[in-house]
Amino acid sequence: MDPGTATTGYGVVEQHGNDLKALVSGVIRTSADQPTPERLQVIHRELQALATEWQPDEAAVEELFFSRNVQTAMSVGQARGVAILALADAGLEVAEYTPLAIKQAVTGYGSADKAQMQEMMKMLLGLSEIPRPDDAADALAVAICHLHSARLRSLEELA
């Protein structure tokens with residue numbers, strides 16, 4: 001999940017062996033005309049509905065990247081908190097990943113740019129085109145990062 005107050009990206013990815021498949025992706029949009037509490041309620045409701053519909057085993061959320069704009073950082077932080085709460089309320093274990101970890105997991109390069117990330121998403125998920133909008137593509141990247149991290153954790157436990 002790629003949280004934000006105006007746009008929260010989501011994506012559900014399943015893995016069979018080495019194959020990854022995007023089941024669904026999209027965004028939850030809220031209106032700038034709505035008061036913040038109502039916007040946060042929309043995010044919470046929509047995420048709970050998605051969790052009920054798709055029944056994921058686990059969830060992952062992108063960690064907040066430090067922003068020079070304090071107001072933006074606070075807004076994104078509120079959306080993240082509500083997203084984590086909604087997923088936890090749905091009974092999901094929630095992992096958090098930094099943008100650097102996500103880029104490394106998807107491209108193997110922590111300084112990958114948006115275009116590199118999008119091309120890798122297309123390739124890894126076997127899509128005919130780059131996932132849109134960007135927030136949905138970012139959420140799919142978070143899901144792939146989580147799947148790769150889970151695989152590494154299981155290998156470490158075996159060792």
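Contact here means heavy atoms within 4.5 Å, and the views below show a predicted model.

**View 1. Threonine 30 in the loop between strand S2 and helix H1.**
Threonine 30 follows strand S2 (19-29) and precedes H1 in the loop that joins the two. With neighbours up to four places away in sequence left out, threonine 30 touches Thr5, Ala6, Arg39, Val42 and Ile43. One of these residues, threonine 5, also offers its backbone oxygen, which lies 2.4 Å from a polar atom of the threonine 30 side chain. Threonine 30 counts as buried because its relative accessibility is 11%, where the cut-off for buried is under 20%.

**View 2. The packing of helix H1 against helix H2.**
Two packed helices are described by the angle between their axes and the distance between the axes. For H1 (residues 36-54) and H2 (residues 70-89), the angle is about 35° and the axes are 9 Å apart, and the crossing of the pair is right-handed. On the H1 side the contact is made by Thr36, Leu40, Ile43, His44, Leu47 and Gln48, while H2 contributes Gln78, Ala79, Val82, Ala83, Leu85, Ala86 and Asp89. Sorted by class, the residues of this contact comprise 8 nonpolar, 4 polar and 1 charged.

**View 3. Glutamine 55 in the loop between H1 and strand S3.**
Glutamine 55 is located in the loop that runs from H1 to strand S3 (58-62). Although glutamine 55 is not a glycine, its phi is positive, at about 50°. The relative accessible area of glutamine 55 is 57%, so this residue is classed as exposed, the cut-off for that class being over 50%.

**View 4. Isoleucine 84 of helix H2 and its contacts.**
Isoleucine 84 belongs to helix H2, and its relative accessible area of 24% makes it partly exposed. When neighbours within four places in sequence are set aside, the contacts of isoleucine 84 are with Val61, Val94 and Glu96. The C-alpha atoms of isoleucine 84 and glutamate 96 are 9.4 Å apart in space, for a separation of 12 residues in sequence.

**View 5. The buried residues of helix H3, and the glycine just after the helix.**
Within H3 (residues 99-107), the buried residues are Pro99, Ile102 and Val106. Because the buried residues of H3 fall within an arc of 60° when seen down the axis, they line one face of the helix. Just after H3 comes glycine 108, with a positive phi of about 80°.

**View 6. Alanine 112 in the loop between H3 and H4.**
Alanine 112 sits in the loop that links H3 to H4, and since its relative accessibility is 2%, it counts as buried. Apart from neighbours within four places in sequence, alanine 112 is in contact with Lys103, Thr107 and Met117. Glutamate 129 stands 17 residues from alanine 112 in sequence, and the C-alpha atoms of the two are 19 Å apart in space.

**View 7. Helix H4, from its N-terminal cap to the glycine just after it.**
Aspartate 113 caps the N-terminal end of H4, with a side-chain oxygen 3.2 Å from the backbone nitrogen of alanine 115. In H4 (residues 114-124), Met117, Gln118 and Met121 are the buried residues. These residues are on the same side of H4 because they cover an arc of only 95° around the axis. Just after H4, the phi of glycine 126 is positive, at about 65°.

**View 8. The cis peptide bond between arginine 132 and proline 133.**
The peptide bond that leads from arginine 132 to proline 133 is cis, and its omega is near -10°. Proline 133 itself is in the loop between H4 and helix H5 (134-158).

**View 9. Histidine 146 of helix H5 and its contacts.**
Histidine 146 is placed in helix H5 and is buried, with a relative accessible area of 8%. Its contacts, leaving aside neighbours within four places in sequence, are Glu58, Ala59, Ala60, Ala95, Tyr97 and Arg153. Between histidine 146 and glutamate 96 the C-alpha separation is 8.5 Å, although the two are 50 residues apart along the chain.

Methods: Residues are numbered from 1 along each chain as its sequence is written. This is a predicted model: local features need pLDDT of at least 70, side-chain atom pairs count only at pLDDT 80 or more; totals for chains, interfaces and linings use all residues. Side-chain values use heavy atoms; hydrogens and water are left out. Buried means under 20% relative accessible area, exposed over 50%, partly exposed in between (1.4 Å probe, protein chains only). Helices (H or I, at least four residues) and strands (E, at least two) are DSSP runs, numbered from the N terminus. The arc is that of the directions from the helix axis to the C-beta atoms. A polar contact is a pair of N or O atoms within 3.5 Å; within protein, one must be able to donate a hydrogen and the other to accept it, and residues adjacent in sequence count only if both atoms are side-chain atoms. Axes are lines fitted to C-alpha atoms, for helices over the stretch in contact, and angles run from 0 to 180 degrees between N-to-C directions. A crossing is left-handed if the near helix is turned anticlockwise from the far one by less than a right angle, and right-handed if clockwise. Ala, Val, Leu, Ile, Met, Phe, Trp, Tyr, Cys and Pro count as nonpolar, Asp, Glu, Lys and Arg as charged, and the others, Gly among them, as polar.
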